[in-house]
Amino acid sequence: MSNNTGTLATNDATPALAGVASPKGPLSGIASIRWGDYLGVAPFLIFAILFLIVPTLFLIIGAFQAPDGSFTLQNIYDLGTPQILSSFWISIRVSAASAFLGSLLGLAIALAIIRGRLPQTIRSTVLTFSGVASNFAGIPLAFAFIATLGRLGIMTALFKFVGIDIYRAGFNILSFWGLTLTYCYFQIPLMILIIAPAIDGLKKEWNEAAATLGATNTQFWRYIGLPVLWPNLLGTLSLLFANAFGAIATAYALTGSSLNIVPILLYAQIRGDVLNNPGLGAALALGMIVITALANVLYLVIRTRAERWLK
Amino acid sequence: MKSGKFWSWVIFALGVIYFIGPLIATIQFSLSIRRDGYSLDAYRNVFVTPAFQQSFSFSLLIGVAAIVVGLLIVVPAAYFVRLRAPQLRPIIEFITLLPLIIPPIILVFGYIRLYSSTSFLPLTTTSFGTDVLLILAYVALALPYMYRAVDTGLRTIDVQTLTEAASIMGANTLTILMQVIFPNILVAVLSGAFLTLAIVIGEFTIASLLNVQVFGVYMQNVGANRAFEPAALAVISFIITWAAMGMIQLLARFAPRNAVRTD
Amino acid sequence: MAFLVNDDIVKTVPKTWADLQKSDYANAVALSGDPRVANQAIQSVFAAGLATNGGDTKTAGDAGLKYFAALNKAGNFVPVIGKAAPLAQGTTPIVTTWDYNALAWKDGFNGNPKAEVVVPSDAVVAGVYIQAISAYAPHLNAAKLWEEYLYSDEGQNLWLAGYCHPIRFNDLAKAGKIPADLLAKLPSADLYAKAVFPTLDEQAAAKAAVTKNWDSLVGANVK
């Protein structure tokens with residue numbers, strides 16, 4: 001995606017100069033500078049308030065509303081039912097599994113294409129493809145995996161041709177690990193896209209310096225490479241987790257009625273033909289938001305710390 | 001390190017199998033519409049349907065509108081935050097995280113409740129108003145990516161110097177933004193634009209709940225009732241998204257790499 | 001409620017709900033929706049229950065859950081949501097769905113794959129769709145006019161063209177107002193002779209039972 005090769009050039013415009021040069025002319029004082037600044041940011045803030053913050057507040061209030069409109073904590077209590085708790089737990093497990101797997105495999109591929117001395121075209125092709133694949137989710141993805149690794153899938157058939165019956169060995173695409181495998185299709189590319197700039201930041205000079213001091217490749221990675229990448233890895237792990245947690249369409253299309261994850265429950269309450277407890281739906285959404293918010297905040301915090309290395 | 005290169009190729013090959021495999025399966029299925037061999041009939045059926053043409057062009061239109069509105073909102077904000085009000089940066093960054101945290105279904109339900117016939121801004125009562133609401137929803141969804149792209153673009157040019165130089169020559173803020181800053185961040189802007197387009201083309205939840213016939217809704221409909229056309233559609237949408245992303249990579253070659261030092 | 005069967009993959013076509021439990025149909029049977037959410041799926045469970053408990057509509061929901069739990073245990077049930085594409089691809093060669101959906105999808109296949117619509121003989125459940133007009137509608141009379149059209153002869157025949165049995169079917173048939181070619185395309189009328197129309201209360205009871213207990217009783221639980 002973006003090339004974050006940290007340049008030594010001016011990044012954050014030096015605030016010291018900000019108050020001095022004023023393009024508005026000699027009559028403007030400090031007060032009007034502030035005013036003008038905020039005017040430029042105003043459309044953004046207005047938009048954010050009207051179309052992001054207020055709907056969210058609506059949701060938060062809705063979580064505490066009974067069907068007749070009165071304040072209640074019942075919806076939050078209802079979150080404690082075994083069905084809902086288990087759905088949260090399953091969601092967390094699937095998200096965590098696909099986040100771990102996705103970051104590990106994504107890291108491996110990113111390292112391979114950037115530092116593995118493969119041809120340069122491979123790197124840009126993979127990055128482009130990652131951009132596309134990270135958005136390829138939902139029914140098309142689920143169908144693609146069913147068509148590949150389902151009982152009548154082409155890869156299953158290929159394996160059978162070579163004599164291996166994966167289904168008899170216990171594999172089933174319609175299972176927890178099948179879903180995790182499918183989720184990885186958009187998790188791995190996301191990991192590649194985010195970690196690529198960080199790997200770029202591992203300067204060649206460090207390799208050379210380590211080599212002149214007698215370090216082997218393993219030692220380089222153990223004492224320099226991994227510690228530098230580590231905050232980024234953790235941060236991206238959180239991001240991948242949040243990404244998987246909110247994904248519903250793929251899970252729905254793949255494991256349909258056998259899997260009970262939170263977005264499906266949410267959908268059922270708010271959108272389904274049958275149940276209709278919007279307060280509970282709002283509470284579910286609140287729960288989801290809290291979890292994804294935590295993961296995203298973690299990502300932000302870690303990313304800010306990590307970016308110090310890249311400057 | 002010879003072994004390093006070997007393992008890189010192995011990993012790359014495994015990656016290729018994992019990612020291309022499902023695509024091949026989809027393509028193979030989409031070509032199997034006739035009993036007696038492969039054919040492009042499914043694709044032809046798709047392209048000929050008026051619903052496909054209408055929904056696709058409508059989605060493109062909405063996408064472009066979302067890009068324009070997004071730029072109008074994001075570019076001035078990013079510019080001013082970078083230049084004069086860095087203290088607002090944390091707030092802005094938090095706002096750009098919101099779309100990643102809030103499930104789209106919640107967003108659209110909020111909109112329906114807030115902007116329906118009894119509100120101060122009754123957008124859902126007319127079909128044009130609903131389209132406007134849809135565009136604004138997509139701007140919200142794409143906000144993180146658009147902001148990140150514009151911010152990166154601004155980071156690589158020397159905003160301070162450019163602004164000062166322009167204002168010394170008598171430009172007001174509007175002129176600076178439109179004629180000096182914007183052309184310089186064009187490449188970054190385009191990358192944000194393509195990402196927005198990719199999001200808009202595939203989006204389903206918000207459009208379906210607002211009852212607007214966009215491409216995502218059409219795909220879902222076809223997916224429910226036809227056997228081979230959905231696979232063809234998936235391939236088509238994959239190719240289109242790839243083309244858009246490919247353009248980003250191409251244009252990224254022309255991006256200004258370092259800030260211009262004028263000393 | 002009917003079955004759509006992929007003839008290319010399924011060798012012996014099932015004729016009843018009881019048939020589906022046979023071992024011939026391992027990894028074959030799917031619902032056309034999520035039974036915790038979609039009415040179509042819930043009615044399928046209801047129909048299965050009706051077939052196994054001898055026609056008692058009051059407990060059909062629970063009986064249906066038992067049926068599907070057994071189906072799942074036998075390995076016949078596929079948790080994927082069955083639509084035209086998975087049926088054609090082979091993941092869900094038997095889908096339980098409304099007859100109009102089944103007939104429409106079969107038409108769409110155009111022979112590839114060969115498919116057959118079966119109305120199960122041991123329980124025929126009819127689902128009813130209704131429309132409502134909001135009292136706050138900005139154009140109330142236009143809405144009413146639309147409803148008038150839907151229930152006119154022309155409107156009802158349009159439903160029929162989509163393979164739906166409209167509510168005035170018997171009335172129209174008696175008056176001879178249905179075009180012969182439309183009639184010919186529908187499955188024969190005697191299959192529907194024993195159709196059961198569950199009451200609103202029965203439907204509500206079934207919905208409550210199925211949505212609440214599907215995961216615990218049937219859920220192919222996540223390993």
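The following paragraphs walk through chain C, from its elements to its two domains.

This is a predicted model, in which local features need pLDDT of at least 70, side-chain atom pairs count only at pLDDT 80 or more, and totals for chains, interfaces and linings use all residues. Residues are numbered from 1 along each chain as its sequence is written, while chains are lettered from A and ligands numbered from 1 in the order in which they are written.

Chain C contains nine helices and four strands, taken from DSSP runs (helices H or I, at least four residues; strands E, at least two) and numbered from the N terminus. Along the sequence their order is β-β-α-α-α-β-α-β-α-α-α-α-α.

The C-alpha atoms of chain C occupy a box of roughly 55 × 40 × 35 Å along the principal axes. The radius of gyration of chain C is 18 Å, which agrees with the value near 17 Å for a compact globule of 223 residues; this radius is taken over C-alpha atoms, and the globule rule is 2.2 Å times the number of residues to the power 0.38. Of the 223 residues in chain C, 40% are buried, that is, 20 or more other C-beta atoms, placed from the backbone, lie within 10 Å of the residue's own.

An automatic or database domain assignment divides chain C into domain 1 (2-126 + 196-218) and domain 2 (140-191). The C-alpha centres of domain 1 and domain 2 of chain C are 26 Å apart. Six residues from domain 1 and five residues from domain 2 of chain C make the contact, which requires C-beta atoms, placed from the backbone, within 7 Å. On the domain 1 side, helix α4 (residues 99-109) of chain C gives the most, with four residues.

Notes:
Buried ≥ 20, exposed ≤ 12 C-beta atoms within 10 Å, placed from the backbone. Contact = placed C-beta atoms within 7 Å.
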